[in-house]
Structures are given as structure tokens and as C-alpha cells.
Amino acid sequence: MIPVTRLDGSELVINCDHILTIEQTPDTVLALTTGVRVLVKQTAAQLVDRVIAYRQRCHVEPPPITEGRS
């Protein structure tokens, strides 16, 4: 899930698994797999960075379990 800002200033969180395309013409348009299109203030590059950061947070290895705690 990534936060985005609509052109009117309202904020929402998008499930990045549902982003089909990101188009910058000059406004940034997210086309979702549901058929919904959302115009946002962020650039395509900012959105790609947010998706990458989100996916990295989701795939963090848990800390190792230490044996023989006293």
C-alpha cells in the first residue's frame, strides 16, 4: 500500500498490486486493474520509488531466533 495525493489535495492509499500502468501526461494517471483511473500529484518516478520501498519493507527477513536463552 502506498500513499498518494489526488489533484484536489485529498490523500488516499493505493494497493500497489492493483497498479496496471503509471502514465505522466503531464498529470500522473494511475490505471488500476479494476478499471479505475486516478490522477495524482506525484510523479511516475516518485510512485515507482514508493512501490519499491513498500515491497522492500514487505520482504524484510525476521531477526534470527537465538537458542539457549537464559
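Visitor: What makes strand 3 and strand 4 count as a pair?

Guide: Two strands pair if DSSP finds at least two bridges between them. Strand 3 (residues 19–24) and strand 4 are joined by five bridges and run antiparallel, so they pass that test. For one of those bridges, look at Glu 23, whose partner in strand 4 is Val 29.

Visitor: What kind of model am I looking at, and how are residues numbered?

Guide: It's a predicted model, with residues numbered from 1 along each chain as its sequence is written; local features need pLDDT of at least 70, and side-chain atom pairs count only at pLDDT 80 or more, while totals for chains, interfaces and linings use all residues. Side-chain values use heavy atoms, with hydrogens and water left out.

Visitor: What sits between strand 3 and strand 4?

Guide: A hairpin connection of three residues. Pro 26 is in that loop, and the peptide bond joining Thr 25 to Pro 26 is cis, with omega at about -25°.

Visitor: How do you know that strand 4 also pairs with strand 5?

Guide: Strand 4 (residues 28–32) shares four bridges with strand 5, in the antiparallel sense, against the two that the definition asks for. Leu 30 bridges to Val 38 of strand 5. This hairpin has four residues between its strands, and Gly 35 takes a positive phi near 95° there.

Visitor: Why is Leu 30 called buried?

Guide: Buried means under 20% relative accessible area, exposed means over 50%, and partly exposed is in between (1.4 Å probe, protein chains only). Leu 30, in strand 4, has 0% relative accessibility, so it counts as buried.

Visitor: What does Leu 30 touch?

Guide: Skipping residues up to four places away in sequence, its contacts (heavy atoms within 4.5 Å) include Val 4, Ile 14, Ile 22, Val 36 and Leu 47. Ile 19 is another of its contacts; eleven residues separate Leu 30 and Ile 19 in sequence, and their C-alpha atoms are 6.6 Å apart.

Visitor: Thr 5 is a polar case; what makes Thr 5 buried?

Guide: Its relative accessible area is 15%, and the cut-off is under 20%, so the label holds. Thr 5 lies in strand 1 (residues 2–5), and beyond its neighbours within four places it contacts Ser 10, Glu 11, Leu 39, Val 40, Lys 41 and Gln 42.

Visitor: Which side chains of strand 5 are buried?

Guide: In strand 5 (residues 37–40), Val 38 and Val 40 point to one face and are buried, while Arg 37 and Leu 39 point to the other and are not. In a regular strand, side chains alternate between the two faces of the sheet.

Visitor: How many helices and strands does the chain have?

Guide: One helix and five strands, in the order β-β-β-β-β-α from the N terminus. Both are DSSP runs numbered from the N terminus: H or I over at least four residues for a helix, E over at least two for a strand.

Visitor: Why is the chain described as spread out?

Guide: The globule rule is 2.2 Å times the number of residues to the power 0.38, and the radius of gyration is taken over C-alpha atoms. For 70 residues the rule gives 11 Å, but the chain comes to 17 Å, well over that, so it is more spread out than a compact globule. The C-alpha trace spans about 60 × 25 × 20 Å along its principal axes, and 24% of the 70 residues count as buried.
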